[in-house]
Amino acid sequence: MIKTKDMSTAMPAKSVFLDYYGLIRFKISGQTDNENELVRQIYADYLSPFFRHCSETDVAHYEIHLAKANLNASNDWSEWSAITFLDDPAVTDFRDGLARHTANGREIYNPRNGTGFRIAGNRIEIIYQDSEALVRDLMRVIKQLLITQVENAGGCVLHASAIAINGQAICFVGRKGQGKTTSVLQALQLPGAKYITNDRLPLIWLNGEPHALGWFEELRIIRDLHVPKIKTRVTELMDEADIEQSPKPLRLILLPNSGSDSDSSQDAREILYSQLLTPADAQRPKWLGFADEPPFDPEPFLGAIKLQRFDWQYQQKELLSTQIGALIDAL
């Protein structure tokens, strides 16, 4: 077993109960006031209003518990096997790890930041060394569980930006550099428009059609073509009232083309499906072990939704809101 310090003399755990669109509920518990305050801050900075507080009488799908300890100093790693968290060169602190099975479940260790994970049933314990690592790893656990829950329920995740307007969801799909973020920010200038997501668009089946759920990933915003994008939290850019907080039926998929590659000559539905993240995707983190990898056919989800392409240039981005508004009005 991963060895942790004796918590019998620590303060009783204080739990935060969070609900994501009625789809999945979490119980997150710390052992100290500092841990509980950190969870509340993560909720305020990143998760709200995409999550809502729920009653502790509602049964949680997953329980996440936090504990601080130095695992590297107290464990023999010779019986552990190597695993890959994420094969992404841009992520330096979460690539390769160690894992082993136990009588109660699985234990996982990340030697790059010293974080351990103990998984037993629907209970996940995050054993961390410092608060900065805990914030990143808690968010990683929550994101993986959300995507897994969406997929296991027959839904999917689209690499897309989206807004809600007139009671429906409109999303922007394209490869990197085609203008998803710019489009969604300009579309938010339309009367009544609300933010849904900028990077990941979870889709679930409700009332016989796909519905869009919000996502809390930070935005990477272009301030100038000649400088790197700036990473910004959603809640730093807009008020909570400007963020959609309920599932919306997806009615229109827009494919912006900035002219930077061959998207203009590629089949529109081929572009759409190339941005679909499926359970079989090698880049999909599954190290927690909850993914079922069910078969997924995109046609029932996306086949009947109207696709519309449009060209744009960054130098004329101020015209985008009018252009997008016209496409929505023609729906």
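**Notebook: side-chain contacts and strand pairing**

I began with Trp-205, which is partly exposed, with a relative accessible area of 42%. The model I am reading is predicted.

**Entry 1. Aromatic pairs**

I searched the whole structure for aromatic pairs and found 17. I then took up the pair formed by Trp-205 and Phe-301: the ring centres are 5.3 Å apart and the planes stand at 65 degrees, so I entered the pair as edge-to-face. Where do the two residues lie? I located Trp-205 in strand E13 (residues 200-206) and Phe-301 in helix H6 (residues 298-302), so this pair ties together parts that are 96 residues apart in sequence. Phe-301 has 5% relative accessibility and is therefore buried, whereas Trp-205 is partly exposed.

I also traced a cluster linked by ring pairs. Its members are Tyr-20, Tyr-21, Phe-26, Phe-50, Phe-51, Tyr-62, Tyr-195, Trp-215, Phe-216 and Phe-290.

For Tyr-46 I noted a charge over the ring: the charged end of Arg-233 sits there, 5.4 Å from the ring centre.

**Entry 2. Salt bridges**

I counted 17 salt bridges. I looked up three of them individually.

In the bridge between Arg-40 and Glu-37, the closest N and O atoms are 3.2 Å apart. I placed both residues in helix H1 (residues 33-47), three residues apart, about one turn of the helix. Are these two partners buried or exposed? Arg-40 has 42% relative accessibility and so counts as partly exposed; Glu-37, with a relative accessible area of 39%, is also partly exposed.

For Arg-200 and Asp-199 I recorded a salt bridge with the closest N and O atoms 3.0 Å apart. Arg-200 is partly exposed, its relative accessible area being 24%.

The side chains of Arg-123 and Glu-125 meet in a salt bridge, which I read as 4.0 Å from N to O. Here I found the partners to differ in cover: Glu-125 has a relative accessible area of 9%, under the 20% cut-off, and is therefore buried, while Arg-123, at 33%, is partly exposed. Which residues belong to the network that includes this pair? I listed Glu-79, Arg-100, Glu-107, Arg-118, Arg-123 and Glu-125 as linked in a network of salt bridges.

**Entry 3. Strand E4 and its partners**

I turned next to strand E4 (residues 62-68), which is mostly covered. Five of its seven residues are buried.

How many bridges join strand E2 (residues 24-30) to E4? I found four, and the two strands run parallel. As one position in this pairing, I noted that Ile-28 has Ile-64 of E4 as its bridge partner.

I also found E4 joined to strand E9 (residues 123-128), with six bridges and again a parallel course. Lys-68 has Tyr-128 of E9 as its bridge partner.

**Entry 4. Confidence**

Finally, I consulted the confidence values. The chain has a mean pLDDT of 87, and 91% of its residues reach 70 or more. I marked residues 3-12 as an exception, as the pLDDT there is below 50. This stretch has 13 contacts in the model beyond near neighbours in sequence. Where pLDDT is low, predicted coordinates should not be read in detail. I have therefore left the contacts of that stretch without further entry.

Terms used. Residues numbered from 1 in each chain as written. Predicted model: local features only at pLDDT ≥ 70, side-chain atom pairs only at ≥ 80, totals over all residues. Heavy atoms only, no water. Buried < 20%, exposed > 50% of the residue type's maximum accessible area, 1.4 Å probe, protein only. Phe/Tyr/Trp six-rings, centres within 6.5 Å; stacked < 30°, edge-to-face > 60°. Lys NZ or Arg CZ within 6 Å of the ring centre and 35° of its normal. Pairing = 2+ DSSP bridges. pLDDT = per-residue confidence, 0-100. Contact = heavy atoms within 4.5 Å.
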